[in-house]
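Q: Please take a close look at the aromatic rings in this model, down to how they pair and how open they are. After that, walk me through some of the helix and strand packing elsewhere.

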Amino acid sequence: MEPSEAQQPILPLNAGFPLLGELLQKISSLDEAAIQAALAVQAEKGGRLGEILLRQGLISADQLASALAQQFGLNTMLRLPEEISTFFVGKLSIASLKKFKMVPVATPAYSYLALADPLYFQQADDLLRLIDWEGVAWVLTPEVEIFKAINAAYDQTRSQVADQVIQDMDEEDPASILTAIEETADLLDDTSDTPVIKLVNLVLSQAVREGASDIHIEPYRDRVKIRKRVDGILYDMYTPPRHAQAKLISRIKIMANMDIAEKRLPQDGRIEIRIAQRNVDIRVSTLPTAFGERVVMRLLDKSNTLLPLSALGLSESDYQHFRQLITAPHGIILVTGPTGSGKTTTLYSALNTLNTPDINIITIEDPIEYQINGISQMQVNARIGLSFASGLRTIVRQDPDVILVGEIRDGETAQIAIQSALTGHLVFSTLHTNDAASAITRLIDMGVEPFLVASSVHAIMAQRLVRTICPDCREPYQPSPELLQLAGLPTQPMQASTELQFYRGRGCPACLQTGYRGRIGIFELMQLTPAIKNLLLTTSEAGRIKEEAMAQPDGGMRTLRDDGIAKVRAGITTLEEVFRVT
């Protein structure tokens with residue numbers, strides 16, 4: 001579908017159309033002053049009045065669609081069906097549909113053309129002729145709904161042809177991988193016929209759609225396995241033929257600007273792509289194995305918004321204590337846990353809470369996972385000698401109030417971080433330890449004196465991520481007596497039912513039949529009280545420190561497992577999930 005004349009909307013000649021500003025005033029809280037201010041912006045910079053007001057946050061997308069529908073005498077459809085027919089995918093260009101903000105909607109009950117901009121009426125007529133839909137009704141729909149439907153239709157079609165793509169790889173010319181490597185603005189817009197490119201695009205788009213955090217490409221003796229990690233669990237995706245391995249990995253290396261000829265040494269690269277209006281940063285790591293190179297891609301969706309501290313899953317008491325700790329004028333706050341346990345998200349949420357114009361916040365990270373306005377962020381670069389330690393030395397000369405060190409990996413970084421805390425800076429960082437008490441042992445093993453740890457570290461918070469029960473298929477159930485006994489809960493069903501009700505997910509399409517959808521944190525917050533600091537001067541044994549923290553007079557530290565069981569009691573997760581991660 002291409003416009004037959006100009007690329008811009010054709011303005012209607014009918015002067016009887018009501019003014020958009022007047023309609024918006026009737027259906028929103030806009031006043032005349034806001035309309036005049038937007039008209040002044042329009043006169044100065046051009047653009048459409050509705051789009052200007054939408055960018056300014058003065059109206060919603062639904063209000064704009066309703067006003068346009070009234071202006072042009074059309075019906076509105078503010079939400080499109082989740083499942084629509086994809087009959088048009090082979091007939092219409094995805095780029096043209098997005099350009100003119102329209103999509104044909106066909107369900108068993110009705111058919112209509114959904115469009116966000118009625119001024120593209122000539123292009124809409126062209127589209128309807130192409131699919132033999134002349135005479136079908138038009139409805140006004142918000143732009144975001146249009147794009148969501150377009151992306152879902154084309155993405156679904158890609159998924160349906162996965163087996164055919166893998167079969168086509170048998171007949172592909174090995175040299176063809178070195179051609180057709182130019183990237184499009186949106187990965188879903190890539191219409192390349194090369195099977196390996198189709199497969200890579202399919203894998204990436206499906207992983208992003210399903211919220212995967214990692215993609216694994218694993219070579220074995222007789223096959224190649226492609227897997228995705230969703231909510232911390234690995235699931236199989238595809239099994240392309242063994243001979244397609246080299247083409248597949250070469251394609252990924254080309255996208256990541258890596259050396260495709262070097263197959264004996266590990267390599268790291270980076271891919272920045274756009275999938276369905278979402279900017280995705282992909283960290284690529286290759287590892288030579290006995291059967292060829294293994295590739296792991298870590299996906300970071302930059303369009304994800306930062307979670308507020310209150311949404312992380314902290315209990316009310318831990319939340320209040322942590323809020324108080326992050327407002328301290330100096331000291332170190334550590335977050336510990338294995339890779340992928342949400343440490344960085346917690347620290348970013350803390351920084352976002354502190355991010356005000358009167359505070360200077362500087363970070364050094366590897367990689368920069370979220371970009372936050374008002375915070376200066378520095379990327380570690382080992383190739384030019386910019387490490388956490390050297391970067392931290394520079395940061396302290398930039399007059400910071402708050403410093404985030406992505407990870408304390410060695411004694412040098414630990415020493416500089418502690419000196420920074422002792423000289424009036426609030427320092428956030430992470431460590432890879434199993435629990436909060438072990439972080440103290442780790443710092444001392446790195447060569448930090450116990451008295452320096454006691455005087456600089458204010459708190460250590462260990463965390464894990466547990467999967468939450470899918471709300472669409474949540475149902476009551478009774479765990480096994482063994483699990484209940486392990487959790488210290490009543491083992492008799494009748495007795496248990498009088499105190500609490502357990503839930504699990506039955507499994508449905510929304511949760512990929514797993515019973516879980518989404519994740520939430522479980523936490524272990526250990527504040528270094530005077531008693532613990534005194535203990536540090538005599539021992540660094542993690543078990544003894546943990547006992548002291550749990551024996552504090554204010555109720556003591558709640559362990560990871562205890563916090564997880566509290567979330568089981570609240571119906572958020574299951575005992576099986578808590579014991580899996582703790």
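A: Here is a look at the rings, followed by some packing.

This is a predicted model, so local features need pLDDT of at least 70 and side-chain atom pairs count only at pLDDT 80 or more, while totals for chains, interfaces and linings use all residues. Residues are numbered from 1 along each chain as its sequence is written, and side-chain values use heavy atoms, with hydrogens and water left out.

The structure has four aromatic pairs (Phe, Tyr or Trp rings, the six-membered one for Trp, with centres within 6.5 Å; planes under 30 degrees apart are stacked, over 60 edge-to-face, the rest tilted). Among them is F87 with W133, a tilted pair at 5.3 Å between centres and 35 degrees between planes. This pair ties together distant bits of chain: F87 is in the loop between β1 (75-76) and α5 (94-100), W133 is in the loop between α6 (121-130) and β4 (138-140), and 46 residues separate the two (helices are DSSP runs of H or I, at least four residues, strands E runs of at least two, numbered from the N terminus). F87 is partly exposed at 27% relative accessible area, whereas W133 is buried at 13% (buried is under 20%, exposed over 50%, partly exposed in between, with a 1.4 Å probe and protein chains only).

Y110 and Y112 make a stacked pair, 5.5 Å from centre to centre with 25 degrees between the planes. Y110 is partly exposed, with 39% relative accessibility; Y112, at 5%, is buried. Back with F87: ring pairs join F87, F88 and W133 into a cluster.

Some rings have an arginine for company. R223 sits over the face of Y220, 4.9 Å from the ring centre, and R474 does likewise over Y503 at 3.7 Å (NZ of Lys or CZ of Arg within 6 Å of the ring centre and within 35 degrees of the ring normal).

On to the helices. α13 (residues 388-395) packs on α14 (residues 411-422) at about 20 degrees, axes 8 Å apart (axes are lines fitted to C-alpha atoms over the stretch in contact, with angles from 0 to 180 degrees between N-to-C directions). That makes α13 and α14 roughly parallel (under 35 degrees; over 145 is roughly antiparallel, 65 to 115 roughly perpendicular, the rest oblique). On the α13 side F388, A389, L392 and R393 meet E412, T413, I416 and A417 of α14 (contact is heavy atoms within 4.5 Å).

α1 (residues 20-27) and α4 (residues 61-72) pack at about 125 degrees with axes 9 Å apart, so α1 and α4 are oblique to each other. Here L20, L23, L24 and I27 of α1 meet Q63, L64, S66, A67, L68, Q70 and Q71 of α4.

Lastly, two strand residues. E272 belongs to β8 (residues 267-275) and is exposed at 57% relative accessible area. Setting aside neighbours within four places in sequence, E272 touches V280 and D281. Its C-alpha atom is 8.4 Å from that of A256, 16 residues away along the chain. T286, in β9 (residues 278-289), is buried at 2% relative accessibility. With neighbours within four places in sequence again left out, T286 is in contact with K253, M258, L265, P266, Q267, E293, R294 and V295.
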